[in-house]
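Please look through this structure with an eye to its charged side chains and to one part of its surface. The paragraphs below take these topics in turn.

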Amino acid sequence: MIKTVATEMLGIEHPILCGGMTATGSAELAAGVSNAGGLGMLTCLHCRTPENLDKEIARLRTMTSKPFAVNLTILGEKRGEPEYPDEFAQVICKNNIKIVETCGSNKKLMIKLHNQLRQGGVQVIISKCVAVKHALSAQNDLGSDMVSLMGFDSGGLPGEADTGIFVQCALAKKKLKIPFLLSGGVANGSQLLAALALGAAGVQIGTRFNATVECSKFNDKFKERMVQAGVKDSVIIMSSFSASSRVLKNKDAEEILKKEHEKGGKMGVMEGKLTFKDIGKYAMFDRLREGMEMGDPDRGVWNCGQSVALIDEVLTCQEFVTNLINEAKDALKNVNPMFLLVAGGQQQSSSL
């Protein structure tokens, strides 16, 4: 086992967390990750309503006795009003959930949410952030215990800075006092080792867990698309609207990119030539839900990181986590840097 501050704080065996994924964050996937020694993540937006969240938590507890977390993202457009999810927070506290991941850009509402969660008994709050400046706000203003820091290679909403995870982590190591996770782009053990070397307390993985047996919301056609994908098969859409999202390059994603290009991108938005109505048909979450129900991976856009290029087969969560840990150990054995040491005016080669 690899012990870090994250494994100690979260009570898990391995410093591996499942991403908080809107479309696929079900009880089955959360249980699969937790039972494999990581931290499973049940998502409120997957549940859609507080009532469904309550039922899903109860169902998850029949599948695992290991620690798991709940992701609560403040994004009203996927849930409907109100913007502040008071009812979801009430369900989380009522069910004695100890670990919560939050995500949102409205500082006033986030402070209110964090206060409610603390008063309700939540012990560890992880803030999802797309930039170190946001991580500093989570640390200093929200009182978060840990941050999950995304890079440009992450699936979902990586922000507008276009900063790769290597630089993000190096900045976080310099500036943060609380533990941070590397989020996005990870699908093998050498990357886990690299994350720890960069100062991260662990990794958060979304895309690779979507290509596991326990990801019950994606059928075999979705998973096969991930297995077959290459380095160019995840794309950024909606950057014209400063709402960048990294998704699998399917037919609907290509339609969005086509319309953004034809109507002038960001300049087109500024000039009124491109509006959300032009792409809304393809971008709405309900369209993806229809695609998932139909088993059609080309209907709706779905989050997918660049790590999709590293997926070779569909595994169980246990198989994937075991492989990840073994690969990290093998990678450590192969770290044998050669340094030139200057001694008495002569260079000597030393293997450390």
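A salt bridge is taken here as a side-chain nitrogen of Lys or Arg lying within 4 Å of a carboxyl oxygen of Asp or Glu. The model is a predicted one, and by this rule it holds 13 salt bridges. As a general background, side chains of opposite charge can pair when their charged atoms come close.

One of these salt bridges joins the side chains of D141 and K107, with a distance of 3.0 Å from N to O. The two partners belong to distant parts of the chain, since D141 sits in helix α8 (residues 132-142) and K107 in helix α7 (residues 107-119), 34 residues apart. Both ends of this link have some access to the surface: D141 is partly exposed at a relative accessible area of 36%, and K107 is likewise partly exposed, with a value of 44%.

How are R287 and D252 connected, and how far apart are the closest N and O atoms? These two residues form a salt bridge in which the closest N and O atoms are 2.5 Å apart. Because R287 lies in helix α16 (residues 285-294) and D252 in helix α13 (residues 251-262), the pair ties together parts of the chain that are 35 residues apart in sequence. Buried means a relative accessible area under 20%, and R287, at 14%, is therefore counted as buried. D252, with a relative accessible area of 4%, is buried too, so that in this salt bridge both partners fall under the cut-off.

A further salt bridge is found between E290 and R299, whose closest N and O atoms are 2.9 Å apart. Here E290 is partly exposed, with a relative accessible area of 35%, and R299 is also partly exposed, with 24%. E290 falls within the residue range of helix α16 (residues 285-294), the helix that also carries R287. Elsewhere, the salt bridges are not confined to a single pair of residues, for E28, E56 and R59 are linked in a network of them.

The surface also has a nonpolar feature to consider. F166, V167 and L171 form a nonpolar patch there, and together these residues have about 280 Å² of accessible area. Within this patch, L171 is placed in helix α9 (residues 165-175). Patch members need over 30% relative accessible area, and L171, which counts as partly exposed, has a relative accessibility of 31%.

How values were computed
Residues are numbered from 1 along each chain as its sequence is written. This is a predicted model: local features need pLDDT of at least 70, side-chain atom pairs count only at pLDDT 80 or more; totals for chains, interfaces and linings use all residues. Side-chain values use heavy atoms; hydrogens and water are left out. Helices (H or I, at least four residues) and strands (E, at least two) are DSSP runs, numbered from the N terminus. Buried means under 20% relative accessible area, exposed over 50%, partly exposed in between (1.4 Å probe, protein chains only). Patches are made of residues with over 30% relative accessible area and no salt bridge: like charges are joined within 9 Å, nonpolar side chains (Val, Leu, Ile, Met, Phe, Trp, Tyr) within 5 Å. Accessible areas come from the Shrake-Rupley method with a 1.4 Å probe; for residues, only the protein chains shown count as cover.
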